Structures are given as C-alpha cells and as structure tokens.
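Me: I'd like a close look at one single part of this structure. Can you walk me through it slowly?

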Amino acid sequence: MSTMLKPDTELDIGIEGMTCASCVARVEKALAKVPGVTTATVNLATETARIHFVPTEQIEAKLRRAVRDAGYEPVAANAVIDAPDASPWAGFMPIAIGLALSAPLVLPMVGDLFGKHWMLPAWMQFVLATPVQFILGARFYKAAWGAVKAMSGNMDLLVAIGTTAGWLLSMWLWLTAEPDTMVHLYFEGSAIVITLVLLGKWLETRAKRQTTSAIRALHALKPEIAHLIGLDGEVDVPVAEVLVGDKLVVRPGERLPVDGVLLEGHSQVDESMLTGESLPVHKEPNSTTSSKLTGGSINGDGRLVMQVKAVGSETVLSHIIRLVEDAQSAKAPIQRLVDQVSAIFVPVVLGIALVTLLGWYFTGHSFEFAVIRAVAVLVIACPCALGLATPTAIMAGTGVAAKYGMLIKDAQALELAHKVNVIAFDKTGTLTQGKPRLTAFVLADATSDEAQLLNIAASLQSGSEHPLARAVVDAAKARDLPVPSPDNVRAVPGRGSEGEVGEDGEVKSYLIGSLRWMQELSIDLGALASQAAELQQQGATVSAMAQRTTAGLTLKALMAFGDEPKPGAKEALALLRQRGIKTIMVSGDNRGAAEAMARRLGLRPEEGEVMSEVLPGDKAALIAKLKEGGHTVAMVGDGVNDAPALAAADVGMAMSNGTDVAMHAAGITLMRGDPALVAAALDISDRTVAKIRQNLFWAFAYNVAGIPLAAFGFLNPVVAGAAMALSSVSVMSNALLLKRWKP
C-alpha cells in the first residue's frame with residue numbers, strides 16, 4: 001500500500017556506491033530528470049539524497065530506479081547514521097587480504113634498495129596480483145560499468161581503467177617475452193593501487209562515522225521504554241505506544257521518554273542535551289517555567305509523575321534531530337561550485353591521460369613506458385577529496401555546535417554567519433528577560449507600612465496570570481510575606497482589578513490598575529504625579545493602588561514595573577563590538593524607555609545603536625534597509641512578530657525560549673536563549689568556513705600539482721595511489737579537528 005504524499009513532498013534516500021564528487025553530480029542529474037522533481041541534493045559524506053518533488057504516480061519507485069540506473073544502490077535513508085556501532089576494524093578484512101597478497105610483489109622493490117634481486121617469477125606475480133585485481137577490485141568494475149552506461153565518469157572508472165591497463169600491459173609483456181628471460185612487469189603497481197584505494201575508502205568510512213556522531217548521539221537519547229500509569233498501576237510500554245495525555249512515572253536517574261509537564265515530585269533535571277548548559281535545572285509542579293519536561297533529558301534523584309504533551313516527531317528532541325540532519329544534508333553555496341567542476345573533471349582527466357599516453361609514445365618512448373605514465377595520471381586524478389571537503393566540515397561544525405546548544409538549520413546560514421557585520425537584537429525576551437519585575441513601590445503616605453501594603457497588593461493579584469500581577473506576587477514572596485486569599489475580586493478589562501482583603505480584623509476594599517483608570521476615577525496623584533512621569537520616562541510601566549472608603553478613593557502607592565537585562569547580555573554585546581560587529585537594539589518602546597535600557601546594556605544610542613518605537617510589522621523593513629546599505633545582517637529574536645525579520649535577515653537567530661514560529665523562520669536556533677551564544681555561533685561559522693577553504697585548497701592543490709607530475713613522469717602509479725588515498729583521509733581528519741572547538 002503506497003503512502004499518501006502531500007504537494008511538494010520531501011524524501012530522503014540512502015545511496016551506496018558513491019565515491020567522489022563526480023558521483024554526486026551524476027546522481028543529482030539522474031534524479032533531476034525524474035518528472036515532478038523540483039530539487040535534488042546529494043551529500044557524499046552522509047551518502048543520502050534529499051529530493052523535493054510534486055507527487056505523481058509511483059514517484060518513489062521511479063526515484064529509486066533512477067539511482068539504480070545511474071549505477072548506485074538505493075538504500076534506507078541515513079543508513080550511515082543508523083548503522084549499529086561497529087568494531088573499529090570492521091570491514092578491514094579485504095584490505096588485509098590485499099596487503100598480504102601485495103607485500104611479496106613489493107618485496108623486490110625493497111630488495112633493490114639494498115642491491116638484492118628478489119624478483120618473483122612472472123607466474124607467481126600473476127597468481128598474487130590477479131585476485132586483488134578482479135576479486136577485491138570487483139567493486140571498481142561494477143561502479144565503472146554503471147558510469148559507462150550512464151555516459152559519465154567517476155573515481156571508480158579512473159581506478160578501473162588505470163589498474164586494468166597496468167595488469168594487461170604486464171600480461172602482454174609476460175606472454176610475448178622470450179623464454180627464460182626476466183622481464184619487468186607491473187602487476188605490483190595495479191595490486192598496490194587497488195589495495196591503497198580500498199585502504200583510503202576504509203579510513204574514510206571510519207572518519208565519516210565520527211562526523212555523524214552528533215546525530216547518532218542525539219538518537220541515543222531516546223529511551224525505548226516508558227512507565228505508564230494505567231488502570232492497574234504502573235506498566236512498562238514501548239515509547240512508541242505512549243499517547244498525549246498519558247501519565248508516566250520517571251524514576252531517579254532515568255531519561256525522560258517524551259515531552260510533558262510535571263504533576264508530582266521535585267527533582268533536578270540535566271537538560272545539557274538540549275541547552276548545552278551543564279548545571280541541572282530544578283523542577284517542581286504548578287510552575288509556568290520549572291514544570292516543563294523535555295524528552296531525552298536526565299532525571300536527578302526524585303521520582304516524577306508527568307503528563308505527556310508531545311510524542312514522536314512533535315517532541316523537542318525530534319525537532320533538534322531534524323534540524324541537525326537538515327543542516328548536515330544541506331549543500332553549502334560553495335559546494336555547488338565544486339560540483340560543477342567535478343562534473344567535467346573525469347572526462348578532462350581521461351583526455352589528459354590519453355594525451356600523456358600518445359605524447360610519451362610519439363616522442364620515442366616505449367608503449368610500456370607511455371602506458372605507465374597514463375596510468376599514474378588516471379590514479380592520482382580522482383576527485384574524492386573534492387567531494388568530501390565541504391560536507392565533512394559542515395557535519396563536524398554543526399555537530400559540535402549542537403553539543404553546545406546552537407542548532408544550525410541550514411548550511412547557508414553556517415556559511416554566511418562569519419560575514420555578519422551588523423546584528424539587530426529584538427529587546428524583550430532576547431536582551432532582556434521578558435519578565436516584568438516590581439522595581440519601585442512608592443508610598444503616597446510616608447507613615448504607611450510598606451510591607452503591609454505590598455502584602456495587600458499581592459493578595460489582590462494572587463489569582464491573576466497577568467505578568468504585572470505575577471511580578472507583585474513574586475516581590476511579596478521574595479520578602480517572605482504571607483499572601484492571604486482575597487474576597488470578591490473583580491477584574492476590570494483593560495483597567496485593572498479590585499477586591500477585598502482582611503486587615504486588622506476588618507475587611508477593606510482596594511483597587512490596583514493603570515494610571516489611566518485612576519484618572520477616569522478622578523483619583524489625584526498629588527505629589528506623586530511628577531515621580532510617576534519620571535519613572536515612565538525611564539522606561540517603567542507604572543500602576544497605582546488605591547483604597548475605597550466611605551469618604552471616597554484614596555491613593556495608597558505607586559508601583560513601577562521594569563524588565564531586567566539578561567545576565568551576561570551586556571558582556572555578550574561588548575564581545576561582539578570587540579569583533580568589529582555593529583549591534584543594534586530594536587524595540588517598540590518609546591525612545592526614553594528604549595534608550596534607558598540600551599545604556600544599561602552598554603549600547604550607545606548616540607551612535608545609532610537603538611531603534612525605538614518600531615512596530616512589529618516594520619522590523620523586516622528595517623532589516624531590508626540595513627541590507628541595502630551593503631551590510632551582512634543577522635537578526636536575533638524570539639517572538640512570533642520577529643519571524644518576518646528573522647526570515648528577511650541574511651542570518652536569522654532565534655532564542656529557544658521564544659516561539660516555534662520564530663525558530664522555524666531562523667537559520668540558527670540558540671537553545672539556551674543566551675545572548676553569549678550569538679558570538680559563539682559566529683565563531684563556529686568562522687572556524688567551519690576556514691576548514692572548508694583549507695580542505696578545498698588542499699584538494700584542488702593535490703589534483704592541480706599531482707596530474708602534471710604524473711603526466712611528466714615524476715610519479716609512478718603506486719605513489720599516485722598512496723597520494724590519492726592520503727588526500728581523502730587528510731581532508732576528513734582536518735574537518736574532524738572542529739570537534740575540539742569550545743565556545
């Protein structure tokens with residue numbers, strides 16, 4: 001039964017048998033020809049293709065057939081990642097056999113260094129070299145035949161032609177030689193080249209498993225079993241059977257199976273897999289922040305009862321895995337150039353090899369000599385390192401970034417981030433905590449008891465979920481004041497609330513609300529009017545508290561609420577300034593309030609580092625204006641209203657404490673909501689792009705230098721084969737150095 005497909009569907013297919021950048025180009029070309037395909041991106045490092053298409057009948061089968069017709073084997077997506085952990089020596093047996101059979105062939109070369117002549121008889125060289133050529137080397141012939149049928153070229157075609165030419169030349173020299181004469185054969189060159197190429201591919205595979213370790217580690221965070229509270233008590237069920245709304249038990253030391261909220265118990269939870277923050281987080285029920293539980297994190301020493309809120313692909317962990325997989329399967333803009341070069345590379349090399357053969361032969365050298373030079377060109381020229389240079393660096397860079405709480409969603413964001421020279425920060429929730437705090441409690445009458453009035457205010461606000469009401473209650477709790485239950489509380493929409501509180505044995509009536517409501521009720525602020533105006537100028541939101549008596553309404557206190565800078569925000573902005581990056585705070589607040597907060601953050605309003613009174617819909621236009629000035633612009637935000645600006649920026653960075661919409665629009669998600677991660681994200685981008693450039697330089701330099709050296713006779717096929725294998729391994733090893741990076 002076929003699965004129902006949606007318009008513009010995305011499909012991942014694993015591909016076995018790709019060996020170089022030319023293979024990538026060939027598979028992409030084959031997939032693009034399938035009717036309905038809009039884009040096809042192939043990644044050599046993960047051995048996967050990501051295809052976007054408009055569904056037509058049996059298109060999945062057609063896509064897999066296209067891969068097979070191109071000469072490769074379609075397999076399950078992420079086969080490299082999902083493969084079970086193997087021994088470090090897995091797959092080494094064919095190389096060991098190749099080395100054992102090739103060693104006696106190399107022995108005469110070693111003997112020549114010491115003046116010894118240990119040349120093996122021709123029949124013995126034939127017996128040793130032929131199994132290496134046609135049994136161990138069968139994979140090269142199979143892949144080469146696929147390339148020939150597709151009328152294109154790849155590394156396997158070069159190796160197959162080169163080594164076969166050496167083997168056939170040896171056979172011809174042996175069979176046409178005079179009886180009892182010792183002729184120099186080239187069986188050892190073909191056998192050693194095949195063995196060395198196999199060794200290089202094996203080392204490459206080992207290194208590849210290290211680059212995919214980030215995703216493998218994330219997959220390992222998913223527990224298999226959950227403890228479900230059913231009608232008959234606790235029962236163990238597979239996590240795949242857990243439903244939203246179920247109640248689960250999480251025992252001390254266990255991983256949380258899915259996302260949910262805490263119903264019972266207290267514990268410390270290690271969320272480092274999510275945020276990169278090593279310190280455990282305290283969890284308690286009935287709290288808007290500390291009752292949220294995330295699947296994959298580790299419970300401390302308390303028994304927890306949780307209610308399931310998200311399962312399967314909807315969990316935060318699944319979202320993270322998807323983001324990292326997307327980044328590692330995406331193709332960086334710089335890689336497209338490499339693919340274009342690689343597509344024409346093999347035909348050009350075949351042409352150079354032919355010119356080399358004819359050039360040496362027609363300048364008076366023997367046919368045997370000319371063939372060996374042409375074989376060396378074919379062997380050294382394969383573009384393996386070119387195909388691996390970019391994807392391995394991206395995989396290592398995005399993997400280590402995820403480890404420290406930065407999810408890089410696409411390769412383009414990674415490649416562009418190091419160029420950023422202007423960063424626009426949303427204010428609320430990004431640079432500030434986004435949680436109002438009671439900053440001033442000003443008494444109208446100096447003889448009043450401040451603690452008593454704050455206690456009454458907290459009592460009136462205790463039933464409200466309004467952020468300002470919660471700030472009053474939090475302020476009272478911080479001073480260990482008891483918060484009694486109020487009576488007859490009535491909310492006045494858009495104004496405030498009023499109610500009754502027992503005080504000194506009698507019930508008294510109070511109002512708390514906006515200054516506008518106080519004006520409507522004709523409550524005179526008196527001497528506090530100027531203080532209220534001053535607090536507002538400083539960016540505070542000001543409310544008033546009044547008491548209702550038989551004589552009328554009397555002002556009792558002013559309450560000022562203000563947001564606080566996030567810990568470390570000022571230092572993070574200073575660090576960006578040191579990097580030569582201009583930082584701008586974007587706020588909807590009035591100019592006075594915005595500039596007051598900006599100065600607390602170390603920004604300089606006089607230098608244009610503050611944009612105030614910016615409406616949510618105008619943020620994207622502001623980003624576009626900055627880009628028009630020739631800047632590479634990053635936007636950092638957390639709210640729904642930041643999504644258009646995040647999408648408009650060259651690089652969008654979303655704080656994970658914000659909304660899913662913002663995270664979807666951004667190229668990079670900062671899982672800790674910490675402004676310091678912005679500089680860290682730019683740094684890992686810088687390091688990754690540097691690795692890509694280093695890898696591409698060495699890959700190109702290797703081919704540019706190697707081909708002429710081989711053509712002019714300075715390299716024999718054995719040395720060329722060793723150099724080719726070494727180039728791929730060196731590119732992989734250089735990329736893996738990124739795993740040492742720390743923010």
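Which residues form one aromatic cluster with Phe126?

Reply: Some ground rules come before the rings. This is a predicted model, where local features need pLDDT of at least 70, side-chain atom pairs count only at pLDDT 80 or more, and totals for chains, interfaces and linings use all residues. Residues are numbered from 1 along each chain as its sequence is written, and side-chain values use heavy atoms, with hydrogens and water left out.

Now the cluster: Phe126, Phe134, Tyr141, Trp167, Trp174 and Phe187 make it up. Rings of Phe, Tyr and Trp (its six-membered ring) pair if their centres lie within 6.5 Å; planes under 30 degrees apart count as stacked, over 60 as edge-to-face and the rest as tilted. By this rule there are 14 aromatic pairs. One of them is Phe126 with Phe187, an edge-to-face pair at 6.3 Å centre to centre with 70° between the planes. That pair links distant parts of the chain, as Phe126 is in helix H5 (residues 122-136) and Phe187 in helix H8 (residues 187-211), 61 residues apart. Helices here (H or I, at least four residues) are DSSP runs, numbered from the N terminus.

How covered are these rings? Buried means under 20% relative accessible area, exposed over 50%, and partly exposed in between (1.4 Å probe, protein chains only). Phe187 has 0% relative accessibility, so Phe187 counts as buried. Phe126 is at 26%, so Phe126 counts as partly exposed.

Then there's Phe134 with Tyr141: their ring centres are 5.7 Å apart and their planes at 20°, so this pair is stacked. Phe134 is partly exposed at 36% relative accessibility, and Tyr141 is partly exposed too, with a relative accessible area of 25%.

Definitions and conventions
Helix = DSSP H or I, 4+ residues; strand = E, 2+ residues; numbered from the N terminus.
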